[in-house]
Amino acid sequence: MITALIRPERLDDVEDALAQILDEGDNYRITVDTVEGRGRQEGEVEYVRGRAVKVRLVQKTRITLAVNDAYVEKTIEAIIKGAREGQVGDGKIFVTPLEEVVRIRTGERGGQAI
């Protein structure tokens, strides 16, 4: 299971890079949601009713992909290619073992269910 936190404006570039390396072209399975968090990148200063307010949490896009072992490294490289700007706040990629996958419709399990 690959989870990546990236800048929201880099999502299209990441999706394009993924489409180039995954067998199914632009039909790969991906889950995307908007999250907020804090890391090394600092929040911006916003003005509310004339007062400067430092936003503590930064908006990011979280991408979750389930891929077979043969695609883990290719997927990581594609995300880096699409997301990297070379600045603090480019994001992080987390790879975790996927114990089991079950396709509800057919009951398929394992790599075939991905």
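Me: Which strands does helix H2 lie across?
Reply: Helix H2 (residues 72-83) lies across S1, S5 and S6, where contact means heavy atoms within 4.5 Å. H2 runs at about 5° to S1; angles go from 0 to 180 degrees between N-to-C directions, with axes fitted to C-alpha atoms, for helices over the stretch in contact. The model is predicted: local features need pLDDT of at least 70, side-chain atom pairs 80 or more, while totals for chains, interfaces and linings use all residues. Residues are numbered from 1 along each chain, and side-chain values use heavy atoms, without hydrogens and water.

Me: Why is H2 called a helix?
Reply: A helix is a DSSP run of H or I with at least four residues, a strand a run of E with at least two. H2 has 12 residues. The expected span is 1.5 Å times one less than that number. For H2 this gives 16 Å, and its end C-alpha atoms are 16 Å apart, so the two agree.

Me: How do you know which face of H2 is buried?
Reply: Buried means under 20% relative accessible area, with a 1.4 Å probe and protein chains only. Thr75, Ile76, Ala78, Ile79, Gly82 and Ala83 are the buried residues of H2. Seen down the helix axis, they fall within an arc of 165°, so they line one face. The arc uses directions from the axis to the C-beta atoms. Their cover includes S1, H1, S5 and S6.

Me: What makes S1 and S6 a pair?
Reply: Pairing takes at least two bridges found by DSSP. Strand S1 (residues 2-6) and S6 share 5, running antiparallel. So they pair by that rule. In one of these bridges, leucine 5 partners lysine 92 of S6.

Conventions
Buried means under 20% relative accessible area, exposed over 50%, partly exposed in between (1.4 Å probe, protein chains only).
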